[in-house]
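Q: Could you take one part of this model and walk me through it closely? I'd like the helix packing, with the cut-offs spelled out.

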Amino acid sequence: MACVPGIPWAALALGVALVEFLRGGDTELAARDVRYGVLLTGGSLLAGALMGLILAGGLALASRVVTRPWAITLTGALLGALVFPAEFLVVAIGTDGAVAQLGTTFLAWPFMTAVAAAHSTDIVGRTRRRAWLWAPGRGQTQGPTPAPSRTGRPA
């Protein structure tokens with residue numbers, strides 16, 4: 001949820017810095033753009049880790065109380081909507097409050113909330129509709145182990 005709005009702006013800032021440096025332009029401007037790119041990348045990753053911890057922890061706690069899948073989905077949507085401003089803050093700091101970047105990040109907010117809601121039941125383990133979230137385990141790939149016969153040899 002976090003890197004989707006921030007990383008494209010970081011790539012743009014680093015690309016602009018490269019063009020400014022290769023063109024022989026203002027090195028201070030290029031250094032500022034590199035700083036913005038690093039701030040956006042690192043900030044997005046840090047915000048993503050924080051958002052993931054809050055979202056997963058909140059869903060784990062809510063799954064102890066709430067039993068219905070729709071309620072878990074609603075909880076995931078609420079938590080997703082509440083944690084996304086961390087990424088908005090990173091983009092605001094990393095772009096000096098640029099209107100276009102903040103506007104697109106703001107427009108991504110409902111979509112990221114919907115992503116959190118859609119995957120919340122899988123995150124707490126209530127459903128397994130999205131197989132890519134679940135590594136194949138012993139119970140999923142193998143059948144039951146046959147019981148040994150009385151002679152000690154497999155049947």
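A: Here's a look at two helix pairs, with some context for the whole chain first.

This is a predicted model, so local features need pLDDT of at least 70 and side-chain atom pairs count only at pLDDT 80 or more, while totals for chains, interfaces and linings use all residues. Residues are numbered from 1 along each chain as its sequence is written, and side-chain values use heavy atoms, with hydrogens and water left out.

The protein chain has six helices and zero strands, where helices (H or I, at least four residues) and strands (E, at least two) are DSSP runs, numbered from the N terminus. Along the sequence that reads α-α-α-α-α-α. Of its 155 residues, 32% are buried, meaning under 20% relative accessible area, with exposed over 50% and partly exposed in between (1.4 Å probe, protein chains only).

Now for α2 (residues 27–65) and α3 (residues 69–83): their axes come within 10 Å and cross at roughly 150°. That makes α2 roughly antiparallel to α3. For the wording, axes are lines fitted to C-alpha atoms, for helices over the stretch in contact, and angles run from 0 to 180 degrees between N-to-C directions; under 35 degrees counts as roughly parallel, over 145 as roughly antiparallel, 65 to 115 as roughly perpendicular and the rest as oblique. The crossing is right-handed, i.e. the near helix is turned clockwise from the far one by less than a right angle (anticlockwise would be left-handed).

On the α2 side, the contact (heavy atoms within 4.5 Å) involves Met51, Ile54, Leu55, Gly58, Leu59, Ala62 and Ser63; across from them on α3 sit Ile72, Thr75, Gly76, Leu79, Gly80 and Val83. By class, that's eight nonpolar, five polar and no charged residues. Here Ala, Val, Leu, Ile, Met, Phe, Trp, Tyr, Cys and Pro count as nonpolar, Asp, Glu, Lys and Arg as charged, and the others, Gly among them, as polar.

Next up is α1 (residues 3–23) with α5 (residues 99–123): the angle is about 155° and the axes are 9 Å apart. These two are therefore roughly antiparallel to each other, and their crossing is right-handed. Val4, Pro5 and Trp9 of α1 touch Ala100, Gln101, Thr104, Thr105, Ala108 and Met112 of α5, which splits into six nonpolar, three polar and no charged residues.

Also in α5 is isoleucine 123, partly exposed at 39% relative accessibility. Its C-alpha atom is 7.2 Å from that of alanine 56, 67 residues apart along the chain.
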